[in-house]
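Welcome! Open your viewer, get ready to select residues by number, and follow along stop by stop.

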Amino acid sequence: MDPERWRRVSNVFDVVVDAPESERAALLHRLCGGDHATRADVEALLAADVRGDAFGAQTFAVRAAAAVAWERDHDAGAAAGALIGSWRAVRELGRGGMGVVLLVERADGQFEQRAALKLIKRGMDSEAVLARFLRERQILARLSHPNIARLLDGGLSADGRSYFVMEYIEGAPLLDYCAQHALGLSARIDCALQICAALQFAHRQLVVHLDIKPSNVWVTESGEVKLLDFGIARLLGGDRMGATTQTGSAHGGALTPAYAAPEQLRGEPVSTASDVYSLGCLVYELLTGRRAFDVDDTASHDALRNALDRAQPDPPSRAATRGASDASAPVSPRSLRGDLDTIVLKALQREPERRYTTIEAFAQDLRSHLRGRPIAARRDSALYRTGKFVLRHRVGVALAGTALLALLAMTAIALREATSAHEQARRAEAVTDFLVGIFRVADPRGTPGGAKLSARDVLDSGARRLDAGLEQQPQLAASLTEVLGKVYSELGEYDRAMAMLQRSLQLRGNRNHEDAAYAATVAVLGRAQYEKGDYVAALQSAQQALDEHRAQGKSAGPMVAGDLALQGEIARRQGDFGRAELLLKQALAMSRATLVAPHAQIAAQLNRLAALYNDMGRLQDGIALTDDGQALVPVLAD
């Protein structure tokens, strides 16, 4: 096959392979016309792509290599000394499917400057390829950030080919740079934070990168990270320069399978969450020296997608342990255990809604880890908060201190509920006896071998003692049981939390319409059911709490706003975005009307409505609400 014919076959294949199956025949007829030989070659390549045919793929690669060699020998535009606009080619840096990248220098004599020039390859001027090339140039024109390689120039070469000129990065690819400079954990996380800064800026311009991988991140000798190659980036929000969806296949460079989000591989709509996933893959490899998923990039699209659907990434600490005997393990596996396992695995969730909602949230957890602070991501371990306390204090008092804070709250609740001095004294004595019994169990000197008990052990012991110790005071037992339910819920023990809260309602009896505490307990139960994922039960509890609050004459107030917000969150999880928006906006308006800003409830409801708008694709509305919520955080902290 001569080079000219090969380029024609390759160009037609690139256009048709990304089209839906139902449209390919008509597209082939339009592009090939009466050229039956070209159409036969394209159909053969399409069949090989669908089958994942190794022989077909090998033939494709051999022919492509021959075409590239021919282009390199005959492409005058890429030759050293060739003039392209105001630039003179120095040497070739690399070439891809649609363009060649050259090291160039200014040729107009105005000043000295070196840059990287991307020139569309000869013959690669099909409508689809040219549109992709021009879209990349237009996207880069929107992005001016220290951690993104900036656009310098663009235009047409003397032979009519499009080009654009970018900042030339003198440095090394991210993983090579980290290995050459033997960077430790903190320095590697700092590199990840610089990538986060670049992506956060791009997302604010409604640009999603969609091809985050080690070769697209370079580091200068001064340690500044630069994000490159927006060749398959997309503009969100219906902008005329791009679409909101990206489809790709495993055949040719439309995406990089090992780093592509599941929705990219399935050809589904993409969002900023797609970049969160790809960045999670990159951070995984940056910290462990291994890919999150060991996939065959040459496999067929369907085979690759099915393999990834079944795969579960190991926690980074375990992956690093497997590589600890060789140079591929860049940091100590022990340093990854805990928070970093949680952070990276949250970014790698298959479902976009389960990942970090923004790149900034991802970055904030990385920063929190560096500072030894708790992270926002929910850990799988029920003792997470206690574990963070242990890291900052002596082991002997940390767990007991956490339990003490929770149980002292029980004392305050019990004292507030007393209706007389006699009742107050009687209840205080009961609570004191209860606390003394709990901490007698927590004393290591009272356990076999002096073993230290966990916060969960202490709480479990308290739960067992409630019925036996306070059987004559059911209302006090109900209050203490509710507090224990809240503590279990905060620790992520939702089954145990729901059991305690339901027991608290039983102890309170049938005084629901008269007892404000009864409605509050039902609301807490609904929240625990929601966090557990039982949306049907959670919706019933949220509606019951709302009815109880309104029956008590509280038609508007913080409690009612909380009930409405929970129903809105459930509707969002169930995909009923219209109802979710109505409820969340109503809850936010009620909170603003009845609470004095700044208030944590207002900030939380702003973030929930922003997350809904992100799911709906209304990114500008979501960003505005996120900014409003973040503006309250410093004030609340003070």
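Which residues are linked with Arg-150 in a network of salt bridges? Select Glu-167, Glu-224 and Lys-226 together with Arg-150, and you have the network on screen. A salt bridge here is a side-chain nitrogen of Lys or Arg within 4 Å of a carboxyl oxygen of Asp or Glu.

Before moving on, a word about what you are viewing. This is a predicted model, in which local features need pLDDT of at least 70 and side-chain atom pairs count only at pLDDT 80 or more, while totals for chains, interfaces and linings use all residues. Residues are numbered from 1 along each chain as its sequence is written, and side-chain values use heavy atoms, leaving out hydrogens and water.

**Stop 1: a buried pair**

The structure holds 20 salt bridges. For one of them, select Glu-136 and Lys-118, whose side chains meet at 3.0 Å, N to O. Glu-136 lies in helix 5 (residues 127–142) and Lys-118 in strand 4, so this pair ties together parts that are 18 residues apart in sequence. Helices (H or I, at least four residues) and strands (E, at least two) are DSSP runs, numbered from the N terminus. Glu-136 is buried, with a relative accessible area of 2%, and Lys-118 is buried too, at 15%. Buried means under 20% relative accessible area, exposed means over 50%, and partly exposed is in between (1.4 Å probe, protein chains only).

**Stop 2: two further bridges**

Select Asp-211 and Lys-213: they form a salt bridge, with their closest N and O atoms 3.7 Å apart. Both Asp-211 and Lys-213 are buried. Next, try Arg-318 and Asp-314, where the closest N and O atoms of the salt bridge are 3.8 Å apart. Asp-314 is partly exposed, with a relative accessible area of 23%.

**Stop 3: helix 9**

Now select residues 272–288, which make up helix 9. Is this helix largely enclosed or open? 17 of its 17 residues are buried, so helix 9 is largely enclosed by the rest of the structure. Step on to Gly-289, just after helix 9, and you will find a positive phi of about 80 degrees.

**Stop 4: the cysteines**

How many disulfides does a search of the whole structure find? Zero, where a disulfide is a pair of cysteine sulfur atoms within 2.5 Å. Select Cys-178 and Cys-191: the sulfur of Cys-178 has its closest cysteine sulfur in Cys-191, 4.6 Å away, which is too far for a bond. Cys-178 is buried, at 0% relative accessibility.

Notes:
Expected span 1.5 Å × (residues − 1).
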